[in-house]
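Thanks for sharing this one. Here are a few numbered comments to read alongside the model.

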Amino acid sequence: MLASAGDTAEEVLAKLHYDHARAAVPGEQPNPKRYRDLRQLYRTIGLLYEDPVIGRLAVTDLGNAVARWRPLLKPQNSLVLGRHAAQALAACQLRTPMREGRNYDEDVRVFPFAFIWRAMLALDFRISSDELNRAILKTRNQRDLDRAISAIREAREAEDISLLGDETVSEAAKNDRILVWMSWASFGWTLITDKRTSASGHYEIPPRNRRVLRDAASIVHRHWDFANEADYVRYISANAGLPKDLR
């Protein structure tokens, strides 16, 4: 995807890794939904968008930086990129001009990744799927988030998750939906440890990432109404604060 700047959706789809032997009709191309799913994945975190004028894929500065760094990243140097990724993610909004972000009420002022980080930083650097589902996902603004953090703290002390109220996402869909959001919030598990590999069964902020996320989460962004998807995604990328590529 990040190597496909200037391509149409059809051109990108033709290049995606795909097992043609498993196609419903021998030799057919992947379902277009495969492209749409990947586009949503990467545009949500400011890496790319479809140019509304020419209908072709455009890769942002952040997307180009990720493509350049991806082969070189190791645990020892991941924060070289992770610091910029966190600054970009902190500006992401729940209500956006994208199809999946248009249906939220006008009074929703949620910065989903910054909200997740603020909760984790206040709650011993960890959070569970149930706590996200029953408390954090219900927030509509910073005041709601503060209340949710207090409620989670009380539920932990009482060892009673039911004190947080009903689930936001059904039990059947919970893990898949929340896993996607946490993958975004962690920038592909660069910033946060996946609960599937953590000893506690919670999503955790490793010690080496706490300063980075605390700095990014402390930024108070204004909630903007963007004219279109391209403007929004370019704004997210610009917040990464990347140095100019002088190569």
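1. The lining of the largest cavity has six nonpolar residues, with no polar and no charged ones. Those residues are Ile116, Leu132, Leu137, Ile178, Trp181 and Met182. Which helix gives the largest share of this lining? That is H8, with three residues. Please keep in mind that this is a predicted model.

2. On size, the volume of the largest cavity is about 30 Å³. The count of cavities of 30 Å³ or more comes to one. Rolling a probe the size of a water molecule over the atoms shows where empty space is left.

3. Helix H5, residues 112-122, deserves a look. Ten of its eleven residues are buried, so the helix is largely enclosed by the rest of the structure. Among the buried residues of H5 are Phe113, Phe115, Trp117 and also Arg118. Ile116 is another of them, and Ile116 also belongs to the lining of the largest cavity. Just after H5, aspartate 124 has a positive phi of about 60°, which you may like to view in the backbone.

4. Now the aromatic rings. How many aromatic pairs are there? The count comes to five. In one of them, tryptophan 189 and tyrosine 203 have ring centres 6.1 Å apart and planes at 0°, so this pair is stacked. Tryptophan 189 lies in the loop between helix H8 (171-185) and strand S4 (203-204), while tyrosine 203 is in strand S4, so the pair ties together parts that are 14 residues apart in sequence. Are the two partners buried or exposed? Tryptophan 189 counts as partly exposed, at 28% relative accessibility, whereas tyrosine 203 is buried, with a relative accessible area of 1%.

5. Phenylalanine 226 and tyrosine 235 form a tilted pair, because their ring centres are 5.0 Å apart and their planes stand at 50°. Tyrosine 235 has a relative accessible area of 19% and is buried, since the cut-off is under 20%.

6. Ring pairs also join Phe113, Trp181 and Trp184 into a cluster. Two of these names have come up already: Phe113 is one of the buried residues of H5, and Trp181 helps to line the largest cavity.

7. Finally, two arginines are worth a glance. The charged end of arginine 210 sits over the ring of phenylalanine 125, at 3.8 Å from the ring centre. For arginine 222, the ring beneath the charged end belongs to tryptophan 224, and the distance to its centre is 4.1 Å.

Terms used
Residues numbered from 1 in each chain as written. Predicted model: local features only at pLDDT ≥ 70, side-chain atom pairs only at ≥ 80, totals over all residues. Heavy atoms only, no water. Phe/Tyr/Trp six-rings, centres within 6.5 Å; stacked < 30°, edge-to-face > 60°. Helix = DSSP H or I, 4+ residues; strand = E, 2+ residues; numbered from the N terminus. Buried < 20%, exposed > 50% of the residue type's maximum accessible area, 1.4 Å probe, protein only. Lys NZ or Arg CZ within 6 Å of the ring centre and 35° of its normal. 1 Å grid on protein atoms, 1.4 Å probe; cavity = no way out; pocket = protein on both sides within 12 Å on 5 of 7 lines; lining within 4 Å. Points joined across faces, edges and corners; volume = space filled by probe spheres on them. Nonpolar A, V, L, I, M, F, W, Y, C, P; charged D, E, K, R; others polar.
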